[in-house]
Amino acid sequence: GAQRWTAIASQIRLAGRGQEYDCILGLSGGVDSSYLALKIKDWGLRPLVVHVDAGWNSELAVANVEKIVKHCNFDLHTHVVDWEEMRDLHLAYLKAGVASQDVPQAHVL
């Protein structure tokens, strides 16, 4: 696994040579994406970090995003979703009895 990932990371760096970024990283501020951001730094990749604010961000998540981006010296693009639209979509899913309530936010990503 490690050798295969090293080869993949090398391909990503090679494909991104001469570009500002060689990959995109979604960063929520949670444990998984924060850990991945640190690993991406260790692997020498240059991501554009994208954070989607769909109205559910906790203060801790926002603080984590800011700390990770600063620590890793990554560029951050935050996309703020229209809260009224997101709320209406979530309400529609609740009223329809859809089992997977995370679908609206997942589709934003």
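Visitor: Where is the place of Ser34?

Guide: Start with secondary structure. In this predicted model, Ser34 sits in helix α2. Ser33 belongs to helix α2 too, and that helix covers residues 31-42.

Visitor: Is Ser34 buried or exposed?

Guide: Read the relative accessible area. Buried means under 20%. Ser34 has 10%, so Ser34 counts as buried.

Visitor: Which residues does Ser34 touch, leaving out those up to four places away in sequence?

Guide: Skipping such neighbours leaves contacts with other parts of the chain. For Ser34 they are Leu27, Gly29, Asn64 and Ile68.

Visitor: Now Ser33. Is Ser33 buried or exposed?

Guide: Use the cut-off again. Ser33 has a relative accessible area of 13%. That is under 20%, so Ser33 is buried.

Visitor: What does the side chain of Ser33 reach?

Guide: Look for a polar partner. The Ser33 side chain comes to 3.0 Å from the backbone nitrogen of Ser28. A polar contact needs N or O atoms within 3.5 Å. Ser28 also appears among the residues that Ser33 touches, together with Gly26 and Leu27; residues up to four places away in sequence are not counted there.

Visitor: Where does Lys39 lie, and is Lys39 buried, partly exposed or exposed?

Guide: Lys39 lies in helix α2. Its relative accessible area is 24%. Partly exposed runs between 20% and 50%, so Lys39 falls in that class.

Visitor: How are Lys39 and Val69 separated?

Guide: Compare sequence with space. Along the chain, Lys39 and Val69 are 30 residues apart. Their C-alpha atoms are separated by 13 Å.

Visitor: Step back. How many helices and strands does the protein have?

Guide: Count the elements, then read their order. There are 5 helices and 3 strands. Along the sequence the pattern runs α-β-α-β-α-β-α-α.

Visitor: What is the radius of gyration, and what would a compact globule have?

Guide: Set the value beside the reference. The protein has 17 Å. A compact globule of 109 residues would have a value near 13 Å. The box tells you about the outline: the C-alpha atoms fill roughly 50 × 25 × 25 Å along the principal axes.

Visitor: What share of the residues is buried?

Guide: Buried residues make up 25% of the 109. For the surface, turn to area. About 7500 Å² is exposed, and carbon and sulfur atoms supply 57% of it.

Visitor: How many side chains are positive and how many negative?

Guide: Count each sign, then locate the two centres. The protein has 10 positive and 13 negative side chains. The centres of the two sets lie 11 Å apart.

Visitor: What share of contacts joins residues at least 24 apart?

Guide: Among contacts between residues at least 6 apart in sequence, the share is 67%.

Key. Residues are numbered from 1 along each chain as its sequence is written. This is a predicted model: local features need pLDDT of at least 70, side-chain atom pairs count only at pLDDT 80 or more; totals for chains, interfaces and linings use all residues. Side-chain values use heavy atoms; hydrogens and water are left out. Helices (H or I, at least four residues) and strands (E, at least two) are DSSP runs, numbered from the N terminus. Buried means under 20% relative accessible area, exposed over 50%, partly exposed in between (1.4 Å probe, protein chains only). A polar contact is a pair of N or O atoms within 3.5 Å; within protein, one must be able to donate a hydrogen and the other to accept it, and residues adjacent in sequence count only if both atoms are side-chain atoms. Contact means heavy atoms within 4.5 Å. The radius of gyration is taken over C-alpha atoms; the globule rule is 2.2 Å times the number of residues to the power 0.38. Accessible areas come from the Shrake-Rupley method with a 1.4 Å probe; for residues, only the protein chains shown count as cover. Lys and Arg count as positive and Asp and Glu as negative; His and the chain ends are not counted. The place of a charge is taken as NZ of Lys, CZ of Arg, CG of Asp or CD of Glu.
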